[in-house]
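Subject: The structure, and what turned up in it

Hi,

Here is the structure I promised to send over. Have a look at it first, and then read on for my notes.

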Amino acid sequence: QSATTLASTSASITGIQKCAQFYMKVLFSNKGSDLINPGYGTGLMSLLTSNANLTSSELTSVISDAVQDAVTQCISILNTADNDSASSISNVTVANLTQVTAEDFTMSLQLTTLAGETGMISLPFPLNDYPVYNDN
């Protein structure tokens with residue numbers, strides 16, 4: 001196919017993939033970063049990096065609050081009459097949260113759409129910058 005044909009063909013993400021991508025964007029956006037909707041986002045990474053010495057229970061509480069805040073925002077934005085149930089969020093729960101070191105943890109989230117489809121989102125979370133390795 002020619003470049004023109006490829007460029008004019010577009011696809012949109014739907015279903016659980018749309019939900020997962022949108023959810024992660026909300027979860028990791030800082031509150032106040034959207035000028036039109038200043039309540040958008042959770043500020044999770046800012047909370048974690050500014051409180052790097054959290055106890056395990058405090059870490060769980062901060063993350064759980066942010067996860068539920070993002071769910072509430074996604075439901076109000078995605079779950080409209082224009083969106084099908086497969087592309088709308090029903091719930092997101094923390095399936096697993098493991099603190100690897102004082103500064104790193106992993107988290108798995110289970111996302112469920114209104115259509116009943118479920119999927120897992122698993123992420124490593126360094127509370128500080130990712131380590132940079134030099135191959136020189």
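Cysteine 74 is buried, with a relative accessible area of 0%. Please keep in mind that this is a predicted model. Cysteine 19 is buried as well, and its relative accessible area is likewise 0%. Do the two cysteines form a disulfide? is the wrong way to leave it, so let me put it in terms of distance: how far from cysteine 74 is the nearest cysteine sulfur? That sulfur belongs to cysteine 19 and is 8.1 Å away, and cysteine 74 is in no disulfide. A disulfide needs two cysteine sulfur atoms within 2.5 Å, so a pair at 8.1 Å does not qualify. The count of disulfides for the structure is zero.Cysteine 19 also belongs to helix H2, where the buried residues are Gly15, Ile16, Cys19, Ala20, Tyr23, Met24, Val26 and Leu27. Seen down the axis of H2, these buried residues fall within an arc of 160°, so they line one face of the helix. As a general point, an α-helix has 3.6 residues a turn, so residues three or four places apart point the same way. The length of H2 agrees with expectation too: its 14 residues (15–28) should span 20 Å at 1.5 Å a residue, and its end C-alpha atoms are 20 Å apart.

Cysteine 19 comes up again in the surroundings of serine 88. Serine 88 sits in the loop between H4 and strand S1 (89–99). Is this loop residue buried or exposed? Serine 88 is buried, at a relative accessible area of 1%. Leaving out residues up to four places away in sequence, serine 88 touches Cys19, Leu78, Asn79, Asn83, Thr112, Thr113 and Leu114. The side chain of serine 88 also reaches the backbone oxygen of aspartate 84, at 3.0 Å.

Another serine you may like to look at is serine 108, which lies in strand S2 (residues 104–113). With a relative accessibility of 15%, serine 108 counts as buried. Which side chain does the side chain of serine 108 meet in a polar contact? The partner is the side chain of serine 122, at 3.0 Å. Apart from neighbours within four places in sequence, the residues in contact with serine 108 are Thr93, Val94, Ala95, Asn96, Met120, Ile121 and Ser122.

Now for charges. Side chains of opposite charge can pair when their charged atoms come close. A search of the whole structure finds one salt bridge. Lysine 31 and aspartate 69 form a salt bridge, with their closest N and O atoms 3.2 Å apart. Lysine 31 is in the loop between H2 and helix H3 (44–50), while aspartate 69 is in helix H4 (residues 56–78), so the pair ties together parts that are 38 residues apart in sequence. Both partners are partly exposed: lysine 31 has a relative accessible area of 44%, and aspartate 69 has one of 24%.

Finally, the overall picture. The protein has four helices and three strands, and from the N terminus on its elements run α-α-α-α-β-β-β. Of its 136 residues, 30% count as buried. Among contacts between residues at least 6 apart in sequence, 46% join residues at least 24 apart.

Happy to talk any of this through whenever it suits you.

Best wishes

Definitions and conventions. Residues numbered from 1 in each chain as written. Predicted model: local features only at pLDDT ≥ 70, side-chain atom pairs only at ≥ 80, totals over all residues. Heavy atoms only, no water. Buried < 20%, exposed > 50% of the residue type's maximum accessible area, 1.4 Å probe, protein only. Helix = DSSP H or I, 4+ residues; strand = E, 2+ residues; numbered from the N terminus. Polar contact = N/O pair within 3.5 Å; in protein donor to acceptor, adjacent residues only side chain to side chain. Contact = heavy atoms within 4.5 Å. Expected span 1.5 Å × (residues − 1). Arc of directions from axis to C-beta. Salt bridge = Lys/Arg side-chain N within 4 Å of Asp/Glu carboxyl O.
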